[in-house]
Each structure stands twice: as C-alpha cells, then as structure tokens.
Amino acid sequence: MADGRSWSAKVRIYRAQHLADAQLVQDLLEQDGIPVETRGISLMGLAGGIPIADAMPTLWVVPHNVDRAQALIAALERWEGMVASGLERAAQGEVGPDET
C-alpha cells in the first residue's frame, strides 16, 4: 500500500455501480483531501461468475475520514437525485428550459 497501512485499517464507504461511478466518487473525496483506496476493479470481468455486487469496485478510507466521506457521498447522491428529477420533469414537459 502506498500509505503503509494494512487493508484491515480501512473502512469500506462506497460500492460503485460501475467504474465511472467509482472514479467520480473517488475524485470528489480526493478533491476534499480524503485519500481513497479503490478495490475490486480487477473483479469486474468476473461479474456473473461471482455475485454482481462482489464484482463492483469499492472505495475505502481510514476510519477518521469515514464521517466526512459519507457526508460528501450523501450530498452527491442528493444532487444526482435533484438533477434526475429535473430532467424527468423537463422530459414530461412540466418545466421549460428556463425553469430546470
């Protein structure tokens, strides 16, 4: 490991849906100064041979960064929900381009 810590000294804080999802969240956390370790990327090709959830990338941080990381992830998920809701309303014609 680059930081010299063992794997057991870290806490899993996120299971990504795909590699781009993992990279987005990792970038968000690292921009806020939280070092992140991504695990499981090499397992993605085994999806189907092992349970899908076990083949998805996971993000890990040291324990003292867990609360801050979870707060940032929750904020990202709220933002994504608002964007999706706005796009859905626009697609249904409920709002005009100026209102999204």
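**Figure 1. I34, a buried residue in the loop between α1 and β2**. With a relative accessible area of 1%, I34 counts as buried, because the cut-off for that label is under 20%. This view, like the others here, comes from a predicted model. I34 sits in the loop that links α1 to β2, the strand of residues 37-39. Leaving out residues up to four places away in sequence, I34 touches L29, V61, N65, R68, A69 and L72. If you would like a distance to check, try the pair I34 and V66: they are 32 residues apart along the chain, and their C-alpha atoms are separated by 9.3 Å. Just after α1 you will also find G33, whose phi is positive, at about 85 degrees.

**Figure 2. Helix α1 and its buried side**. Helix α1 runs over residues 19-31. Its 13 residues should span 18 Å at 1.5 Å a residue, and the C-alpha atoms at its two ends are 18 Å apart, so expectation and model agree. The buried residues of α1 are D21, A22, V25, Q26 and L29. They lie on the same side of α1, because the arc they cover around the axis is only 125 degrees. Turn to the other side of α1 and you meet A20 and Q31, which are exposed. One of the buried residues, L29, is also touched by I34.

**Figure 3. Q26 and its partners from elsewhere in the sequence**. Here we zoom in on Q26, which belongs to helix α1. Q26 has a relative accessible area of 15%, which is under 20% and therefore makes it buried. Setting aside neighbours within four places in sequence, Q26 is in contact with V36, T38 and L59. Of these partners, T38 falls within strand β2 (37-39), and L59 falls within strand β3 (residues 58-61).

**Figure 4. K10 and its polar contact with E37**. K10 is placed in the segment before β1, the strand of residues 11-15. Its relative accessibility is 11%, so K10 counts as buried. The side chain of K10 makes a polar contact with the side chain of E37, at 2.9 Å.

**Figure 5. V62, in the loop between β3 and α2**. V62 has 9% relative accessibility and therefore counts as buried. Its loop connects β3 to α2. V62 and V36 are 26 residues apart in sequence, while the C-alpha to C-alpha distance is 8.3 Å. V36 is also one of the residues in contact with Q26, shown in Figure 3.

**Figure 6. The whole protein, for orientation**. Zooming out, the protein has two helices and three strands, in the order β-α-β-β-α along the sequence. It has 100 residues, of which 28% count as buried. Among contacts with a separation of 6 or more, 66% join residues 24 or more positions apart. The accessible surface comes to about 6,500 Å², and carbon and sulfur atoms account for 56% of that area. As for confidence, pLDDT averages 78 over the protein, with 69% of the residues scoring at least 70. Strand β3 (residues 58-61) has the highest confidence, at 94, and helix α2 (residues 66-91) the lowest, at a mean of 84. A friendly reminder before you build on the coordinates: where pLDDT is low, they should not be read in detail.

Technical notes:
Residues numbered from 1 in each chain as written. Predicted model: local features only at pLDDT ≥ 70, side-chain atom pairs only at ≥ 80, totals over all residues. Heavy atoms only, no water. Helix = DSSP H or I, 4+ residues; strand = E, 2+ residues; numbered from the N terminus. Buried < 20%, exposed > 50% of the residue type's maximum accessible area, 1.4 Å probe, protein only. Contact = heavy atoms within 4.5 Å. Areas by Shrake-Rupley, 256 points an atom, 1.4 Å probe, with all protein chains shown as cover. Expected span 1.5 Å × (residues − 1). Arc of directions from axis to C-beta. pLDDT = per-residue confidence, 0-100. Polar contact = N/O pair within 3.5 Å; in protein donor to acceptor, adjacent residues only side chain to side chain.
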